[in-house]
Amino acid sequence: MSEPLLACEDIVKVFPGVRALDQVGLRLQAGTVHALLGENGAGKSTLIKVLTGVHAPDGGRLRWQGDEVHLRSPLEAGRLGIGVVHQERNVIPGFSVAENITLQQPPARRGLISPAAMIGPARDCLQELGLDLDPRLPVRELSVAQQQLVEIAKALHTDSRVLLLDEPTASLSPGEAERLFEVIRRLTARGTCVVFVSHKLEEVFALCDTVTVLRDGRSVLESAPLSEHTHDDIVSLMVGRAHAATAFTPRTVDASGPAALSLTGIATAAGHEDVSFDVATGEIVGLYGLVGAGRSELVKAVLGLDRVHSGEVRVHGEPASISSPRQALHRYGIGYLTENRKEEGVFLDQPITRNIAVTVWRKLAGALGQVSSKREQAVAQDLVDRLGIRLARLGQNAGELSGGNQQKVSLAKWLATDTRLLIVDEPTVGVDVRTKHAFHELLWELARDGMPIVLISSDLGEMVTLADRVVVMAGHRVRGQVANDHDYERMSQRIIRLIHDRPAPEAAVEKGRMTP
Amino acid sequence: MIAIRSRSAGAVPALRRFSRSTAMTLLCVVVIGYLALGVASSGSFFEGPSVRTFLQYLATPILIGLAQMVVLCVGQLNLAVGALGGFTACLMGVLMADAGVPAALAVPAGVLSATLIGLLTGVFIVATQINGFIVTLGTMTILLGAQYRLTGTRTVDGYSSTLRDLGRAAPLNLPLVFLVALVTAVLLAAFLYRATAGRRLLAAGGNPLAARLSGISTDRQTVLAHTLSGLLIGLAALTATASLPGVNRSVGGDWLLPSFAAPIIGGVALTGGSVAVLGTVLAAFVMRLIDAARAEFSLDPSWVNFLIGLVMLGTVVGGRLHQGHLERAGKNRRTPTAPTGGGTAPAADSLLAGTGGAQ
Amino acid sequence: MRTAAVAPDAGTEEPQTPPRTSDRLPFWVNQRLGLLVLTIGLALLFGALRPAFFDARLVLFPLLRDISTLTVVALAQMVVLSVGHMNLAVGRMAAFGALFAGFGYDRLGLPLPLGLLLCLAAGAAIGALTGWIIARTGVGSFVVTLAMDFALLGLVSLAYSALTENAAFTSTPAGLDELRAYSLADICVGPVCGSPAIPQIAQFTVLALIALGFLYSCTRIGRELLLTGANPAAAELSGIPTKRRVVTAHALSGLLAALAGFMAAAGTGTFRASIGDDFMLPSFLGAVLGGTLLTGGVVSVVGALLGTSLVAVIRKGLDLLGVGLESLNIYLGCVLLLALSADRVRNVLSYRKVVRST
C-alpha cells in the first residue's frame with residue numbers, strides 16, 4: 001500500500017469528564033473517498049476538528065505524507081491542504097456569497113480586498129456544484145440548503161488535497177446531493193482524498209471506497225475497504241451488536257383505559273401534516289425517523305413551543321390545548337427530556353439538588369413561598385438513589401458529572417414531580433455503553449410501573465430494544481406504524497422500507513430536509 | 001432568465017436594499033427635520049453661522065459613535081468612551097498649557113496614548129477572558145481618576161491658539177473639525193468594507209466560530225477593535241479640544257450614552273457582525289438636530305435626553321418586532337427563514353430547480 | 001461582551017463549559033471570606049496609620065451611611081444580574097423613585113412612611129415596565145435599560161423643573177432629619193445606648209439584605225430567578241415562567257433602586273434630579289466584587305455588602321491618608337481588575353485539574 005496522504009496514529013482527545021477520542025487511527029489515501037461512520041457522540045466531529053487543527057490532540061500523532069505534523073490552527077491545516085465543511089453553519093451571515101467562499105484566501109492587493117475579483121472564482125466554485133446563485137447576495141438571504149452549498153463551495157475554493165465533509169447532505173435534496181457526489185468523484189479523480197461523514201448508509205455505499213467506524217471514541221474498524229463489508233456489518237459495528245440484542249423481562253401494556261396521549265390529524269406551523277398516533281398507559285411508543293424527519297419539532301409543537309394549526313391533542317382522554325411547557329407540566333403532567341442536554345436539559349453551573357427539584361418547588365413551597373432545603377434534598381437524594389446517579393455530593397454542580405449521569409439528572413427532574421407522561425428525546429446520545437444500558441433498564445422499569453413513554457431516537461437498536469410500537473416518521477408525516485417484535489433484523493428492514501420505499505411526494509421531501 | 005437576473009443583479013438590488021435600510025430612513029428624517037427646523041426658525045437656521053455651529057458640534061458625536069460602533073461590531077462594548085476621551089483631551093490640554101509642548105507634538109501624543117490605552121484594554125480582555133463590560137468599567141474608573149488628577153477642578157484653557165484657530169476654521173462654511181470627522185468616517189468605512197483586516201474584524205463579529213475555523217483569530221480582532229476604538233476616541237478628544245473654549249474634568253462626562261445611541265439608532269446590532277458607518281453618522285445628525293431644535297425653541301435641555309431615549313427604544317423595539325413579524329410570516333409562507341425555521345423557500349426552490357433544468 | 005460565543009456543537013460529546021469548582025476548594029479561598037478579611041485588614045491598617053479613621057461620629061458614621069446606601073444600589077444590580085440581565089438605569093430609577101417621594105412630601109404633605117411607599121411603588125413600576133419591554137420584545141436588557149436611562153434622565157429633570165422652582169423639593173416631612181442624623185446612640189434601652197457609629201438609616205439596608213437573602217436561599221421565586229439566569233431555555237422547558245421572572249427581577253431592581261434613591265435623598269435632605277448620578281459604577285463594583293456573575297445564575301447577597309464595604313473602606317482610607325479624591329478612582333479601578341483576574345486564574349487552574357483527571 002502506498003504512503004497515505006494523511007494518517008492519524010493513536011489520537012487521544014480529552015474533554016472534562018469525557019474521553020472523546022481514545023487512540024483513534026485513520027489512514028487517508030489519495031484519490032479515494034473515505035467514509036467516517038459512527039453514531040451521534042461517537043467522536044466523528046471531534047476527530048474532524050483534530051484533523052483540521054481546531055482542537056490539539058492530547059496524545060498520538062498526525063502524519064502528512066509520512067512526516068509528523070502539529071496543526072496549531074485551522075489556517076495551518078488549510079495551508080497544508082486540508083479543507084473542511086463542518087457540520088455547524090459556518091457562514092458569516094452579513095457577507096456576500098462570494099466573500100464567504102473566498103474567506104480563507106480573499107483576493108487582495110496591498111491589504112485591500114477587491115469585491116470584483118472575488119466574483120469570478122466564487123462563480124466558478126458555485127458552477128462546479130451546479131448552483132447558479134448571484135455571488136453578490138448576502139448569505140443571510142439564502143435558504144439553509146443554499147447556505148450548505150455555499151459552504152461546500154468554500155471548501156472547493158481552497159483547493160484541498162484532503163477534503164473533509166461532515167454531514168454535507170443533511171439539508172440537501174436528493175438532486176443536490178447527487179450533484180455533490182459528482183463533484184466528489186471529479187475531485188478524487190484529480191487525486192484528492194475526500195472524507196465523507198454521513199448518517200445515510202445508502203450514500204456511503206454508493207460513494208465511498210474505504211471506511212472507518214468509530215464507537216464511543218474508539219475506532220472499531222479502521223481504514224478498511226468498504227466492499228468487504230455489508231450494510232449490516234457496518235450497522236452492527238456502529239451500534240455494537242451486544243447491547244442491541246438485549247432483552248428485558250416482558251411487560252404488558254394496559255390498553256383498556258383512555259390513551260395517555262392521543263394525537264389526531266395534527267398539523268403545525270413547523271410543517272407537520274396529519275400526524276396521528278396514540279400512546280397507552282405503560283406503553284413505550286418509539287418515534288423513529290432520520291435526522292430532520294420532524295420528530296422533536298412535533299413534540300415541541302405539542303408542548304406549546306410552536307403553533308398547532310389543526311388536529312386534536314388528548315391527554316388521558318381529556319382534550320388539551322397546551323400553550324407552554326409549564327402548562328404541560330403542571331396541568332397535564334407531561335415531562336419532556338430534551339435532545340439538547342447541555343443547552344436545554346440541565347443547568348450545568350447549578351447544584352444537582354436544584355436541577356432535580358426544579359419541578360417540585362411549587363409543591364414544596366410554604367405560605368411565604370419558602371422551600372425547605374431539607375425536603376428539597378430529600379427529594380433529590382431519593383431520586384439519586386433510585387436512578388443510581390453517581391456523584392460526590394448533592395451540592396455538586398451538574399456540569400461536573402459525566403454525560404450519562406447528567407442525562408439521569410435531567411430525567412430525575414421529571415420523576416420528581418407526578419409526571420404522567422414522559423417524552424424522551426434521543427436519551428442516550430453521547431452516553432457510554434454501560435450507562436446507556438442502565439438507562440434503557442430505567443425506562444423499561446418506568447413503563448412497567450405504568451408510565452406511558454414516547455421515545456424519540458435515531459438509534460434503531462435502542463428502538464428495537466425498548467419500544468412496544470414504532471411510529472415511523474419522514475418529512476414531517478407519519479409513514480406508518482410497526483409493532484415491535486424485538487428482532488433487530490426484521491424490524492430494521494420493515495422500518496427502513498417504510499421510510500424509503502413509499503415514493504415520497506416532492507413537497508414532503510423538501511420539508512423534511514430543511515429541519516436541521 | 002436566471003442568467004439575466006444575476007447579471008443585472010449588481011446595482012438594482014443594492015439600491016433597493018438601500019432604500020429599505022435604516023440609513024435611508026435616517027436620511028429622510030435628517031432632511032425633513034432640517035427643513036422643518038429651517039422653516040420653523042423662519043430661515044435663520046439655513047444661514048451661515050447657524051449651519052456652522054450645527055456642524056461644529058457634530059464632529060465629536062460622530063467620532064464617539066464610530067468608536068463605539070467599532071467595538072460593537074466584534075460583539076464587545078466600550079464603557080470607557082467618555083472617560084478615555086476626557087482623559088485624552090485633558091492630557092493634550094495639560095501638555096500644551098502646562099508643559100509647553102507645541103500642539104504639533106501634543107496632539108499626536110494624545111491620540112497615540114488613547115490608541116495605546118485601547119490596545120491595552122483589548123489585550124487585557126483577551127488575556128484574562130473577563131467580560132469586556134467589566135474590564136471597560138474598570139478602565140473607565142481608572143481613567144476618570146487620571147483625568148481628575150490631571151486637571152483637578154480647574155479649566156485648562158491656556159493652550160495653543162493655532163489649534164483653537166484650526167478648530168474654529170471653517171473653509172466654505174464647513175468647520176474643519178466636521179471635515180475631520182467626515183474624513184475619518186469615510187476612511188473607517190473604506191477600512192471596514194474594503195480592507196482585508198476590516199473584513200476579518202467583521203467576520204469575527206458575525207460568526208466567531210466560523211471565523212476561527214477559517215483561520216481568523218478572534219482574539220486578535222478583539223484587540224484590533226479596541227485599539228481602533230481608542231484611536232477614534234483620540235480623534236474625538238482632538239476635535240473636542242479644538243472646538244471647546246477649554247478642557248476640564250467634565251469633558252467626556254456625557255459621551256457614554258450618545259456613543260451607544262448613535263450606533264444603535266443607526267442599526268448596529270449589539271450581538272456583533274454588523275456595522276453601519278453611514279447609519280451611525282446619520283444618527284449622530286438626528287441627535288444633533290434634536291439638540292438644535294431644543295435650542296431653537298429654548299426648551300429645557302432635558303428634553304434631548306428624553307427624546308433620544310424614546311427614539312432609541314423605539315428603534316430597537318420596532319426593529320425587533322418587525323423582525324419577529326417577518327419570521328412569523330416567513331414561517332407561514334415557507335419563505336427562507338433563520339436556520340431554525342421549518343419551511344423552505346419557494347423562490348430558492350425554483351432557483352434550484354431552474355439550475356437543475358439548465359444543466 | 002460576548003467573548004465566549006456558544007458554539008452550536010451538534011456533536012454533544014464536548015462538554016466545554018469549565019465546571020466551576022469553587023465550592024470544592026478549601027474554605028480559605030472562599031471569595032467572600034477573602035473580602036471580609038481584606039476589608040477588616042484594610043480598615044485596621046488605615047486605623048493604625050490614621051487613628052482618626054475610628055472616629056465614630058466624623059468618619060465611621062458617614063462611612064457606614066455610604067455603605068448602607070450603596071449596598072442597596074449593589075443589590076438592585078445583583079437582582080437583575082441573577083437572571084443574566086443588567087440594569088444600566090439603576091441611578092435614574094433611584095432618581096425617579098426619589099422624585100415621587102419628594103413630590104409626595106412637598107405637594108401632597110404625606111407622612112414619612114407613605115412617601116417612602118410611593119417612592120418604592122414608583123421604582124417597582126418603572127422597573128416592571130422595563131422588564132416587560134425586555135420580556136415582550138426579546139431586545140437585550142443592555143439596550144433597553146440604556147434607553148430607559150436616557151428617557152428617565154430627561155423625564156426626571158423635566159419633572160423637577162416643571163414642579164419646583166430651584167429644581168429640588170426641599171420641604172421635608174417630620175422624621176426625615178432624624179433619619180439622616182440619628183445613630184444607634186440615640187436609641188437607648190435604659191442606660192445602655194447603641195453605638196454612635198451605626199446610622200439609623202442602615203435599618204433599610206439590613207431589611208433589604210435579610211429579604212433578599214431569604215428570597216434567594218429559601219424561596220421558590222429566588223431559585224427560579226437563578227435558574228432563569230443560568231439557562232433560560234432549560235428553565236422554560238422545566239416549567240419555570242421565565243418571562244414573568246424577568247419582569248420580577250427588573251421590578252425588584254427598580255424597587256431597590258428607588259429605596260437607594262430615597263436613602264440618598266434622606267442623607268442630603270433634598271430631593272433633586274442629580275440623585276443617583278453616580279450609582280452605576282458602585283452598583284456593578286459591589287455586586288461583581290461580591291461574587292455575582294454577569295452571566296446570571298449565581299448571586300451573593302452578603303457579597304454585595306462586602307464588596308461595597310471594601311470599596312467604601314478603600315475610598316475613605318485613602319481619603320484620610322491624603323490621597324486626593326481625584327486619584328481614588330484609579331485605585332478602585334485597579335482593585336476591580338485585579339480581583340477579577342485573580343478569580344479568572346483560579347477558574348483556569350481548576351479547569352485544568354478536571355481535564356487532567358479525566
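This report describes a predicted model, taking up its domains, its cavities, its cysteines and some details of its strands, helices and loops.

## Domains of chain A

Chain A is divided into three parts, namely domain 1 (6-239), domain 2 (244-333 + 420-514) and domain 3 (346-417). As the residue ranges show, domain 2 is written as two stretches of the chain, 244-333 and 420-514. Between the C-alpha centres of domain 1 of chain A and domain 3 of chain A there is a distance of 41 Å.

## The largest cavity

The count of cavities of 30 Å³ or more comes to ten, and the largest cavity holds about 230 Å³ of space. Its lining is made up of 17 residues, and those closest to its centre are V84(A), H86(A), Q104(A), K154(A) and L213(B).

Several elements of chain A take part in this lining, since α2 (74-80), β6 (82-85) and α5 (144-157) of chain A each supply at least two residues of it. The element that gives the most to the lining of the largest cavity is β6(A), with four residues. When the lining residues of the largest cavity are sorted by class, seven are nonpolar, eight are polar and two are charged.

## The second largest cavity

For the second largest cavity the volume is about 70 Å³. Chain A lines it with R326(A), L329(A), H330(A), V358(A), T359(A) and R362(A), while R220(C), E224(C), S238(C), G239(C), I240(C) and P241(C) line it from chain C. By class, this lining has four nonpolar, four polar and four charged residues.

Two helices, α11 (325-330) of chain A and α8 (220-230) of chain C, each supply at least two residues of the lining of the second largest cavity, and α11(A) gives the most, with three residues. Where does this cavity lie with respect to domain 2 and domain 3 of chain A? Because domain 2 (244-333 + 420-514) and domain 3 (346-417) of chain A both give residues to its lining, the second largest cavity lies between them.

## Cysteines without disulfides

Over all chains, the structure holds zero disulfides. Why is C8(A) not bonded to the closest cysteine, C193(A)? The sulfur of C8(A) is 11 Å from the sulfur of C193(A), which is too far for a bond, given that a disulfide requires two cysteine sulfur atoms within 2.5 Å. C8(A) counts as buried, because its relative accessibility is 4%, and the cut-off for buried is under 20%.

C90(B) is likewise in no disulfide, and the nearest cysteine sulfur, that of C334(C), is 19 Å away. With a relative accessible area of 0%, C90(B) is buried.

## A hairpin in chain A

In chain A, strand β13 (residues 261-268) is joined to β14(A) by four bridges, and the two strands run antiparallel. Within this pairing, L261(A) stands opposite V279(A) in β14(A). The hairpin of β13(A) and β14(A) has six residues between the strands, and in this hairpin G271(A) takes a positive phi near 110°.

In a regular strand, the side chains alternate between the two faces of the sheet. Which residues of β14 (residues 275-279) of chain A point to one face and are buried, and which point to the other and are not? V275(A), F277(A) and V279(A) point to one face and are buried, whereas S276(A) and D278(A) point to the other face and are not buried.

## A covered helix in chain C

Helix α11 (residues 280-289) of chain C is mostly covered, as ten of its ten residues are buried. Among them are M280(C), L281(C), P282(C), F284(C) and L285(C), as well as S283(C) and G286(C). After α11(C) comes G291(C), which has a positive phi near 105°.

## Positive phi outside glycine

Two further residues have a positive phi without being glycine. One is H316(A), with a phi of about 50°, and its place is in the loop between β16 (308-315) and β17 (318-320) of chain A. H316(A) counts as partly exposed, at 30% relative accessibility.

The other is Q129(B), whose phi is positive and near 60°. Q129(B) is found in the loop between α7 (103-128) and α8 (132-151) of chain B, and at 34% relative accessibility Q129(B) counts as partly exposed.

Methods: Residues numbered from 1 in each chain as written. Chains lettered and ligands numbered in written order. Predicted model: local features only at pLDDT ≥ 70, side-chain atom pairs only at ≥ 80, totals over all residues. Heavy atoms only, no water. 1 Å grid on protein atoms, 1.4 Å probe; cavity = no way out; pocket = protein on both sides within 12 Å on 5 of 7 lines; lining within 4 Å. Points joined across faces, edges and corners; volume = space filled by probe spheres on them. Nonpolar A, V, L, I, M, F, W, Y, C, P; charged D, E, K, R; others polar. Domains from an automatic or database assignment. Buried < 20%, exposed > 50% of the residue type's maximum accessible area, 1.4 Å probe, protein only. Pairing = 2+ DSSP bridges.
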